[in-house]
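Could you walk me through this structure in plain terms? I'd like to know what packs against what, and which side chains pair up.

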Amino acid sequence: MLNQTPTQLIGPKTLRGENVQPRREVAWNLAVGLLYKARRGRPWKLTELKSNTCYAGISFYDERGTDPETRASIAQVFIETGENFVIRGDPVTDIASDKSTGRTHLSADDAERLIETILERYGDRRDERPDRLVIHKSSNFWDEETAGFISGSDGVRRRDFITIREQHPIRLFSNTQYPPLRGTVALPPGREEYYIYTKGFVPEISAHADSGTPNPIIVRPHEDVSSTSYREICEEILAFSKLDWNSSDFCKKLPVTVGIADAVSDILAEPMAQELHDGAFPYHYYYYM
């Protein structure tokens, strides 16, 4: 990262064949990672992503070697060209944490600064502000956070703030020998959330790629900041479940906007990464995979 050079690492256990994955999957995953880095991003793109839309996944991580109560925010930003980049936000303290759930939240000022940086980076690549802003987050949007996101995105015509979580006990069963189709959505009456199967039976490959019964993820649009139909939101989430360039899997359970946050956070948490100033900070995702 200091030399602006993407690298590809492979562990000794994988070379010895001690990895839990079959060797063919290891080979495919390695090939996809090398292709992505050799092309400096965008080995493929999706037709489903809307133009003039900025998609951002926001999460948090613990900075190693600092006050254990200090966390930092990161944003992974995607645009319809297939480009994606990483933005490091300011540290936040446990003052902004939910004691009951352990989830961290941003203050209004931190949220505003982070969104302003996201839109600035978007403008660097598109020479314009987006017409729509979509934020994915694994925690609920607190009022203070929401106010900061709205203030920082002043001038953006449409906004969608969406909470995405991985587990829900609901299970659907089809009347065939196969599990529910990938893309199935359950809309419970009287609820402000819905459940989408990002994993499931895929007719194009006549298979369900995983073992066991698939379970849906939870999608919860903000009750006051949502300008898009549930169908379009789900289509976008399904699209993002196919954009993990660190794997050759047909799809992942979580969209990459929130699903790859841990991998990126493991690198940003290192003390050397914390010392990088903005001019030397590498933004492209291929430095982090």
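**A walk through the model**

Let's start with helix 4, which covers residues 143-152: here Glu 145, Thr 146, Gly 148, Phe 149 and Gly 152 are buried. Look down the axis of helix 4 and these buried residues fall within an arc of 165°, so they line one face of the helix. Keep in mind as you look around that this is a predicted model.

What do the buried residues of helix 4 pack against? One partner is another helix, helix 3 (108-126). The others are strands: strand 1 (53-62), strand 4 (132-137), strand 5 (158-165) and strand 8 (217-226).

Phe 149 from helix 4 turns up again in the largest nonpolar core, a set of 61 residues. Within that core, Phe 149 and Ile 118 touch the most other members. As a general point, nonpolar side chains tend to be buried together in soluble globular proteins. If you click on Ile 118 and ignore its neighbours within four places in sequence, you'll find it in contact with Cys 54, Ala 56, Ala 75, Val 77 and Ile 87.

Now for Arg 121, which lies in helix 3. Is Arg 121 buried or exposed? Its relative accessibility is 16%, and since anything under 20% counts as buried, Arg 121 is buried. Setting aside neighbours within four places in sequence, Arg 121 is in contact with Phe 85, Ile 87 and Tyr 283. Ile 87 is therefore a name to remember, as it is in the contact list of Arg 121 and also in that of Ile 118, with contact meaning heavy atoms within 4.5 Å.

Arg 121 also has a charged partner: its side chain meets that of Asp 124 in a salt bridge, 3.6 Å from N to O. The two sit 3 residues apart in helix 3, which separates them by about one helical turn. Why does that spacing suit a pairing of side chains? An α-helix has 3.6 residues a turn, so residues three or four places apart point the same way. Asp 124 is partly exposed, with a relative accessible area of 48%, while Arg 121 is buried.

That pair is one piece of a longer list, as the count for the structure comes to 12 salt bridges. Another of them joins Arg 16 and Glu 18, whose closest N and O atoms are 2.9 Å apart. Arg 16 counts as exposed at 53% relative accessibility, and Glu 18 counts as partly exposed at 47%.

For a salt bridge between buried residues, go to Arg 132 and Glu 236, where the N to O distance is 2.7 Å. This pair links distant parts of the chain: Arg 132 is in strand 4, Glu 236 is in helix 5 (residues 230-240), and their positions lie 104 residues apart in the numbering. Arg 132 and Glu 236 are both buried. They also belong to a network of salt bridges that takes in Asp 160 and Glu 232.

Next, find Asn 84 in strand 3, which runs over residues 84-92. With 5% relative accessibility, Asn 84 counts as buried. Its side chain makes a polar contact with the side chain of Tyr 36, at 3.0 Å. Leaving aside neighbours within four places in sequence, Asn 84 is in contact with Tyr 36, Val 77, Phe 78, Trp 245, His 284 and Tyr 285.

Two of those names, Tyr 36 and Tyr 285, bring us to the aromatic rings, since they form one aromatic cluster with Tyr 286 and Tyr 287. Across the whole structure, a search finds 10 aromatic pairs. Take Tyr 178 and Phe 201: their ring centres are 4.2 Å apart and their planes are at 20°, so the pair is stacked. This pair, too, links distant parts of the chain, 23 residues apart. Tyr 178 is in the loop between strand 5 and strand 6 (185-186), and Phe 201 is in the loop between strand 7 (194-196) and strand 8. Tyr 178 is partly exposed, with a relative accessible area of 39%, whereas Phe 201 counts as buried at 11%.

Tyr 286 and Tyr 287 form a tilted pair, 5.0 Å centre to centre with 50° between the planes. Both of these tyrosines are buried.

Key: Residues are numbered from 1 along each chain as its sequence is written. This is a predicted model: local features need pLDDT of at least 70, side-chain atom pairs count only at pLDDT 80 or more; totals for chains, interfaces and linings use all residues. Side-chain values use heavy atoms; hydrogens and water are left out. Buried means under 20% relative accessible area, exposed over 50%, partly exposed in between (1.4 Å probe, protein chains only). Helices (H or I, at least four residues) and strands (E, at least two) are DSSP runs, numbered from the N terminus. The arc is that of the directions from the helix axis to the C-beta atoms. A salt bridge is a side-chain nitrogen of Lys or Arg within 4 Å of a carboxyl oxygen of Asp or Glu. A polar contact is a pair of N or O atoms within 3.5 Å; within protein, one must be able to donate a hydrogen and the other to accept it, and residues adjacent in sequence count only if both atoms are side-chain atoms. A nonpolar core is a set of buried Ala, Val, Leu, Ile, Met, Phe, Trp, Tyr and Cys residues joined through side-chain atoms within 4.5 Å. Rings of Phe, Tyr and Trp (its six-membered ring) pair if their centres lie within 6.5 Å; planes under 30 degrees apart count as stacked, over 60 as edge-to-face and the rest as tilted.
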